Amino acid sequence: VALLVPGGSGSASDELLARSLTNAARMAIGDLSGVRIDLRVYQTGGQPGQAQAMAIQAVDEGAKIILGPVFAQEANAVG
């Protein structure tokens, strides 16, 4: 599972959001017993081009599911 978060943008609010989403995903995975999930977090920097590149990288690395990105312009680029 790839998680695309807006970390690396330089914005304190984006960093907080990225950290919170990552922590929430890890906590949710921790609640699952008997299930193995390989979660990989990708920093998009809040930029459409970087989000697209990270999504391509995630797929190249074997991601079957992509969660995110957060912002509409990034989501459009990834789509």
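This note goes through the sheet, the cores, the surface, the salt bridges and a few single residues of the structure above.

1. Basis of the model. The model is a predicted one, in which local features need pLDDT of at least 70 and side-chain atom pairs count only at pLDDT 80 or more, while totals for chains, interfaces and linings use all residues. Residues are numbered from 1 along each chain as its sequence is written, and side-chain values use heavy atoms, with hydrogens and water left out.

2. The sheet. Three strands make up an open sheet: the 3 strands stand in the order β2-β1-β3, with parallel pairing. Helices (H or I, at least four residues) and strands (E, at least two) are DSSP runs, numbered from the N terminus, and two strands pair if DSSP finds at least two bridges between them. The edge strands are β2 (40–43) and β3, each of which pairs on one side only.

3. Pairing in detail. Strands β1 and β2 run parallel and are joined by 4 bridges, and within this pair V5 stands opposite Q43 in β2. On the other pairing, β1 and β3 are joined in the parallel sense over 2 bridges, with L67 in β3 as the bridge partner of L3.

4. Cover on β1. Strand β1 is covered on both faces, since A2 and L4 on one side and L3 and V5 on the other are all buried. Here buried means under 20% relative accessible area, exposed means over 50%, and partly exposed lies in between (1.4 Å probe, protein chains only).

5. The largest core. A nonpolar core is a set of buried Ala, Val, Leu, Ile, Met, Phe, Trp, Tyr and Cys residues joined through side-chain atoms within 4.5 Å. The largest one has 7 residues, namely A2, L4, Y42, M54, A55, A58 and A63. At least two residues of this core are supplied by each of β1 (2–5) and α2 (48–60), and the largest share, 3 residues, comes from α2. In soluble globular proteins, nonpolar side chains tend to be buried together.

6. A58 and the second core. When neighbours within four places in sequence are left aside, A58 is in contact (heavy atoms within 4.5 Å) with A2, Y42 and A63. Apart from the largest core lies another core, of 5 residues, among them L3, V5, A18 and A25.

7. A nonpolar surface patch. L21, V70 and F71 form a nonpolar patch on the surface, with about 210 Å² of accessible area together. Such patches are made of residues with over 30% relative accessible area and no salt bridge, like charges being joined within 9 Å and nonpolar side chains (Val, Leu, Ile, Met, Phe, Trp, Tyr) within 5 Å; accessible areas come from the Shrake-Rupley method with a 1.4 Å probe, and for residues only the protein chains shown count as cover. V70 is partly exposed, with a relative accessible area of 38%.

8. The loop before α3. V70 lies in the loop between β3 (66–67) and α3 (72–78), and P69 lies in the loop between β3 and α3 as well. The peptide bond from G68 to P69 is cis, with omega near 0 degrees, and this deserves attention when the model is read, for most residues other than glycine have a negative phi, and most peptide bonds are trans.

9. Salt bridges. A search of the whole structure finds 2 salt bridges, each defined by a side-chain nitrogen of Lys or Arg within 4 Å of a carboxyl oxygen of Asp or Glu. R40 forms one with D38, the closest N and O atoms being 3.1 Å apart, and the side chains of E61 and R40 meet in another (3.8 Å, N to O). E61 lies in the loop between α2 and β3 and R40 in strand β2, so the pair ties together parts that are 21 residues apart in sequence. D38, R40 and E61 are thus linked in a network of salt bridges. Relative accessibility is 34% for D38, 36% for R40 and 39% for E61.

10. S9 and E15. S9 lies in the loop between β1 and α1 and counts as partly exposed at 29% relative accessibility; not counting residues up to four places away in sequence, S9 touches D14, E15, G45 and G46. E15 lies in helix α1 (residues 12–30), is partly exposed at a relative accessible area of 27%, and, with neighbours within four places left aside, is in contact with G7, G8, S9 and G10.
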